[in-house]
Amino acid sequence: MTKIFFAATSMLALTLAAPTLVKAADTPAIALSVDTTQAGARIDRHIFGQFAEHLGTGVYGGIWVGPDSPIPNTRGIRNDVVAALKAIKVPDVRWPGGCYADNYHWRDGIGPKRNARVNTSWGGVIDSNDFGTEEYMDFLDQIGADAYVSVNVGSGTVKEAADWTEYMTASQPTALEQERAQNGHPAPYKVPFLGIGNESWDCGGLMTPEEYSDQMRLYGRFVNNFNADAPMQKIAVGPGGDDTTWTDTVMKTWKERHGWSFDISGMSLHSYTVFEGWPPHMAATGFDEQGYANVLGETLKMGPLIDKQSAVMDKYDPDKKVSLVVDEWGAWYAKTPGSHDGFLAQQNSQRDAVLAALNLNIFARRADRVRMANIAQMINVLQAMILTDGPKMVLTPTYHVFHMYVPFQDATFIPVKYDAGSYTKGAVPLPRLDAIAAKGTDGKIWLSLTNLDPNQPLEVDASALGFKAKSATGQTLTAPKLDTVNDFDHPDAVTPKPISATGKNGALVLKLPPESVTVVELD
Ligand code: AHR
């Protein structure tokens, strides 16, 4: 029988801003220990990267409104979006695609006169090219993020890409450097990440792994960085899902190169959470508990998938020089009813907040190989951080998870031990608890705890080895319903609430609300 009691108990003082009444857990507390005497890999901040493609209203409307817009903007870039993105410390933004990257010709988007083109990747709409290289770099500057530029392999040439990187990064007085200066930016841009194509096995040209490897050799050799202040890491196209033949061929090509010929620092992996295959048909809202469990069960396949691909990489790269870059991930549902077919618009619920935390934890546990990831996509597309409609803007539950996880950026992974328990719905068994810990760059110990069970709160009895925790303070994100969303009329339906606990004898009991994500700092 479910008991109801007030949150404060003899052992702890737990304060949730609202509600103050918390249902007692019907299940026993889970003991969790954080071993602060051990240190794992650095959780690279680029694991929290974003992706902004010329797709739907992801760029036009979501970022770019133009300098003459009544929507408050700085040089055409909306101020509300910039402020929101600064708060989550976006480390990098992958641009201009996606599939669009293999249709993009950079000269259409520089200088005073832009060439409008049809966006043949997404919706057949006109792309004005008003948002081009200069605007992208300005946007990055405004939010404090690094560039991750994907060059066109599918319908471009090695020379076109080589010219673009020279245009962006040259500091000596070459013709392209001078053209950039005439376009308003004498100083070279920094391009720390360069993607060599996108999904070359599919929308990027339906290449075989051997055909792509030929391209990788050429782009890797001839597309160069000229900005000595900012080394460039080149990222090759990796597999979609569990195709290990692709991974094997790309990694073998890399391994067999001559030292001076070319190099890559990363290989991508694309894997979306799509329940029961393509085309995505799960609704983003209006689902039941089974729909919640199905999607979370699906998303947890990311861990074994990374392990499978990493094992192939290990064959050629046991020292893990080449990062696995999960530069497209997230939930992909049926489009929002009534929205444009090619715009990939979808709402974002508490289920997606839990899904985001589970994936970030998966990446953090594998931080020795996964040093970058980019959720798809930043604004108005797929599992977005932000939704906009004209002047209106709302932050999604996924945004709040990224905000809560800021202390994990560049933190050092610390092992945690716990028995995850289980929550099962229909044929889908899930862990009840998912947790990671890390030592932040602030020197503090941070703990993330996700209660997957949508019906029960969960008590976690946390203790730390090598450290006497007296209190835990932080935030918890939960919602009244599994599919609660933030919309323009209810922008704060899902927002983090404060949570804290005080401990006795070094142990702290935290009561996690159902279907919640909690991040606390241990003191
Ligand atoms: O994110 C949407 C699309 O999904 C990207 O353009 C493509 O790379 C992937 O198939």
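**Close-up views of a predicted model**

**View 1. The buried residues of helix H4 (residues 175-182) are Leu176, Glu177 and Arg180.** As in every view here, the model is a predicted one. Around the axis, these buried residues span an arc of only 105°, which puts them on the same side of H4. Turn to the other side of H4 and you will find Ala175 and Gln182, which are exposed. What do the buried residues of H4 pack against? Their partners are helix H2 (133-143) and helix H3 (158-169). Follow the chain just past H4 and you reach Gly184, which takes a positive phi of about 105°.

**View 2. Cys99 and Cys203 form a disulfide.** The two sulfur atoms are 2.2 Å apart, and a search of the whole structure finds 1 disulfide. Cys99 sits in the loop between strand S7 (92-95) and strand S8 (117-118), while Cys203 sits in the loop between strand S11 (193-196) and helix H5 (209-222), so the pair ties together parts that are 104 residues apart in sequence. Is this disulfide left-handed or right-handed? The torsion about the S-S bond of Cys99 and Cys203 is about -90°, so the disulfide is left-handed. The two partners are worth viewing one at a time: Cys99 counts as buried because its relative accessibility of 17% is under the 20% cut-off. Cys203, with a relative accessible area of 33%, is partly exposed.

**View 3. The ligand has 13 residues around it.** Which of them come nearest? They are Glu53, Cys99, Glu199, Tyr272 and Glu328; Cys99 will be familiar from the disulfide view. Look for the ligand's oxygen atoms in this close-up. An oxygen atom of the ligand is 2.7 Å from an N or O atom in the side chain of Glu53. The side chain of Tyr272 also has an N or O atom 2.7 Å from a ligand oxygen atom. For Glu328, the distance from a side-chain N or O atom to an oxygen atom of the ligand is 2.7 Å. Taken alone, the ligand exposes 280 Å², and the protein buries 94% of that.

**View 4. Gln50 is a buried residue of strand S4 (residues 49-51).** Its relative accessibility is 0%. What does Gln50 touch, not counting residues up to four places away in sequence? The list is Ile88, Val90, Asp92, Val93, Arg94, Asn374, Ile375, Met378, Met385 and Phe402.

**View 5. Ile379 is found in the loop between strand S15 (370-376) and strand S16 (386-389).** Although placed in a loop, Ile379 is buried, with a relative accessible area of 1%. Leaving aside neighbours within four places in sequence, Ile379 is in contact with Thr57, Gly58, Gly62, Ile63, Val81, Leu85, Ala384, Ile386 and Thr388. For a sense of scale, Ile379 and Val295 are 21 Å apart in space, C-alpha to C-alpha, and 84 residues apart in sequence. Gln377 is also placed in the loop between S15 and S16, and the peptide bond leading from Ala376 to Gln377 is cis, with omega near -10°.

**View 6. Trp278 and Pro279 are joined by a cis peptide bond.** Omega is about -5° here. Where is Pro279 placed? Look in the loop between strand S13 (266-273) and helix H7 (289-299).

**View 7. Lys89 and Leu344 bring us to positive phi values in residues other than glycine.** Phi of Lys89 is near 50°, and Lys89 is placed in the loop between helix H1 (79-87) and S7. Leu344 has a positive phi of about 50° and is found in the loop between strand S14 (323-331) and helix H9 (350-365). Is Leu344 buried or exposed? Leu344 counts as buried, at 12% relative accessibility.

**View 8. Ala311 is placed in helix H8 (residues 302-316).** With a relative accessible area of 44%, Ala311 is partly exposed. The C-alpha atoms of Ala311 and Asn294 are separated by 27 Å, and these residues are 17 apart along the chain.

Notes. Residues numbered from 1 in each chain as written. Predicted model: local features only at pLDDT ≥ 70, side-chain atom pairs only at ≥ 80, totals over all residues. Heavy atoms only, no water. Disulfide = S-S within 2.5 Å. Helix = DSSP H or I, 4+ residues; strand = E, 2+ residues; numbered from the N terminus. Buried < 20%, exposed > 50% of the residue type's maximum accessible area, 1.4 Å probe, protein only. Arc of directions from axis to C-beta. Contact = heavy atoms within 4.5 Å. Near = heavy atom within 4 Å. Polar contact = N/O pair within 3.5 Å; in protein donor to acceptor, adjacent residues only side chain to side chain. Areas by Shrake-Rupley, 256 points an atom, 1.4 Å probe, with all protein chains shown as cover.
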